[in-house]
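Let's take a walk through this model together. Keep the sequence and the 3D view side by side as you read.

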Amino acid sequence: MNAIDTLEVAKEMKAAGFTDGQAEAHARAVGRLRDQGLADLASKADLKTEVREAELRLESKLAETKAELLKWTMGAIGVQTLVIVGAVVALARALGGN
């Protein structure tokens, strides 16, 4: 990250025709803006924490989805089994009635 040399900014402002007071006030404002911008930056630790929290939420959602899929799959297998058993019983009755 590039640092801002507020003294150099003030010198440049004076060289461009600003008064000493104007140049110094401008340089202070630039310094404050830089400091505010740096305060808003996330640190590497902040990002790691946020990534880990996102991973945990994703793992939880995946576990819920897995359980839901398993429930629906077992239900579908159960229904198919009943249909097949019913068809075999109906076929046995139909063939046994001849």
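What follows goes from helix to helix and then to the charged pairs.

A word on the ground rules before we start. This is a predicted model, so to speak of local features a pLDDT of at least 70 is needed, side-chain atom pairs count only at pLDDT 80 or more, and totals for chains, interfaces and linings use all residues. Residues are numbered from 1 along each chain as its sequence is written, and side-chain values use heavy atoms, with hydrogens and water left out.

Start at helix H1, which covers residues 6-15. Helices here are DSSP runs of H or I with at least four residues, numbered from the N terminus. Just ahead of the helix, Asp5 caps the N-terminal end of H1, with a side-chain oxygen 3.1 Å from the backbone nitrogen of Leu7. That is a polar contact, meaning a pair of N or O atoms within 3.5 Å; within protein, one atom must be able to donate a hydrogen and the other to accept it, and residues adjacent in sequence count only if both atoms are side-chain atoms. After H1 comes Gly17, and its phi is positive, near 110 degrees.

Now look around the helix. Val9, Ala10 and Met13 of H1 are buried, where buried means under 20% relative accessible area, exposed means over 50%, and partly exposed is in between (1.4 Å probe, protein chains only). Why do these three sit on the same side of H1? They cover an arc of only 100 degrees around the axis, the arc being that of the directions from the helix axis to the C-beta atoms. Turn to the other side of H1 and you meet Leu7, Glu12 and Ala15, which are exposed.

What do the buried residues of H1 pack against? Their partner is helix H2, residues 20-39. The two helices pack at an angle of about 145 degrees, with their axes 8 Å apart. Axes are lines fitted to C-alpha atoms, for helices over the stretch in contact, and angles run from 0 to 180 degrees between N-to-C directions. The crossing of H1 and H2 is right-handed; the term applies if the near helix is turned clockwise from the far one by less than a right angle, and anticlockwise makes it left-handed. On the H1 side, the contact is made by Thr6, Val9, Ala10, Met13 and Lys14. H2 brings Asp20, Ala23, Glu24, His26, Ala27, Gly31 and Arg34. Contact means heavy atoms within 4.5 Å. For a feel of the spacing here, Asp20 and Ala10 are 10 residues apart in sequence and 7.8 Å apart in space, C-alpha to C-alpha.

On to the charges. Side chains of opposite charge can pair when their charged atoms come close. The structure holds 5 salt bridges, each a side-chain nitrogen of Lys or Arg within 4 Å of a carboxyl oxygen of Asp or Glu. One of them joins Glu24 and Lys14, whose closest N and O atoms are 3.9 Å apart. Glu24 lies in H2 and Lys14 in H1, so this pair ties together parts that are 10 residues apart in sequence. Glu24 is partly exposed at 36% relative accessible area, and Lys14 is partly exposed too, at 35%. Lys14, Asp20 and Glu24 are linked in a network of salt bridges. Asp20 is in H2 and counts as partly exposed, at 47%.

Farther along the chain is helix H3, residues 44-96, with Arg52 and Glu55 in it, 3 residues apart, about one turn of the helix. The side chains of Glu55 and Arg52 meet in a salt bridge, 3.1 Å from N to O. Arg52 also forms a salt bridge with Glu59, with the closest N and O atoms 4.0 Å apart. In terms of exposure, Arg52 is partly exposed at 40%, Glu55 at 37% and Glu59 at 46%.

To finish, try two distances from H3. Ala63 is in H3, and its C-alpha is separated by 45 Å from that of Leu33, 30 residues away along the chain. Gly75 is also found in H3, and Gly75 and Ile4 are 71 residues apart in sequence and 66 Å apart in space, C-alpha to C-alpha.
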